[in-house]
Amino acid sequence: MQAAPVRANAIPSFTDALRAVEHLLMSSGQRTARRNAWTSVLEDRRRAKDRVEAQRVLDQTPVPHL
C-alpha cells in the first residue's frame, strides 16, 4: 500500500483570500492606507491595554500617609 501524496502547497487562509481580493479591487495607495489604518488601530488597542495595566498597578500600590 502506498501512502497518500503530501500536498506541497499550504491551503490559503481566509486572510490570504481577502488580501488577494483586496489586491484585485484596490490600488496600491489604498491598500497601504488601509494597512496603515489597521496598524494604528492595533497600536491604539495596545496602548489602551497598557493604560489599564498601569492603572491596575497604581490602584494596588499603597499610598504613604504624610
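**Exercise 1.** In this predicted model, determine whether R47 counts as buried, partly exposed or exposed.

*Solution.* Step 1: the relative accessibility of R47 is 37%. Step 2: buried means under 20% and exposed means over 50%, with partly exposed in between. Step 3: R47 therefore counts as partly exposed.

**Exercise 2.** Identify the side chain that meets R47 in a salt bridge, and explain how the two residues are placed along their helix.

*Solution.* Step 1: the side chain of R47 meets that of E43, at 3.6 Å from N to O. Step 2: side chains of opposite charge can pair when their charged atoms come close. Step 3: R47 and E43 lie four residues apart in helix α2, so about one helical turn separates them. Step 4: E43, at 31% relative accessibility, also counts as partly exposed.

**Exercise 3.** Describe the salt bridges of R46 with D50 and of R56 with E53, and state which residues form a network.

*Solution.* Step 1: R46 and D50 meet through their side chains at 2.5 Å, N to O. Step 2: these two residues are four apart in helix α2, which means a separation of about one helical turn. Step 3: R46 has a relative accessible area of 40% and is partly exposed; D50, at 38%, is partly exposed as well. Step 4: the side chains of R56 and E53 form a salt bridge at 2.6 Å, N to O. Step 5: R56 and E53 are three residues apart in helix α2, again about one helical turn. Step 6: E43, D44, R46, R47 and D50 are joined into one network by salt bridges that share partners. Step 7: the whole structure has five salt bridges.

**Exercise 4.** Determine which helix gives the largest share of the lining of the largest pocket, and sort that lining by class.

*Solution.* Step 1: the largest pocket has a volume of about 330 Å³. Step 2: its lining consists of T15, L18, R19, V21, E22, R34, R35, W38 and T39. Step 3: α1 (14-25) and α2 (28-60) each give two or more residues to this lining. Step 4: the largest share, five residues, comes from α1. Step 5: by class, the lining holds three nonpolar, two polar and four charged residues.

**Exercise 5.** Name the residues of the nonpolar surface patch of about 360 Å², and classify L25 as buried or exposed.

*Solution.* Step 1: V21, L24 and L25 make the patch. Step 2: L25 belongs to helix α1. Step 3: its relative accessibility is 68%, so L25 counts as exposed.

Definitions and conventions
Residues are numbered from 1 along each chain as its sequence is written. This is a predicted model: local features need pLDDT of at least 70, side-chain atom pairs count only at pLDDT 80 or more; totals for chains, interfaces and linings use all residues. Side-chain values use heavy atoms; hydrogens and water are left out. On a 1 Å grid over the protein atoms alone, a cavity is a set of points where a 1.4 Å probe fits but cannot get out, and a pocket is an open set with protein on both sides within 12 Å along at least five of seven lines; lining residues have an atom within 4 Å of a point. Grid points are joined across faces, edges and corners, and a volume is the space filled by probe spheres set on the points. Ala, Val, Leu, Ile, Met, Phe, Trp, Tyr, Cys and Pro count as nonpolar, Asp, Glu, Lys and Arg as charged, and the others, Gly among them, as polar. Patches are made of residues with over 30% relative accessible area and no salt bridge: like charges are joined within 9 Å, nonpolar side chains (Val, Leu, Ile, Met, Phe, Trp, Tyr) within 5 Å. Accessible areas come from the Shrake-Rupley method with a 1.4 Å probe; for residues, only the protein chains shown count as cover. A salt bridge is a side-chain nitrogen of Lys or Arg within 4 Å of a carboxyl oxygen of Asp or Glu. Buried means under 20% relative accessible area, exposed over 50%, partly exposed in between (1.4 Å probe, protein chains only).
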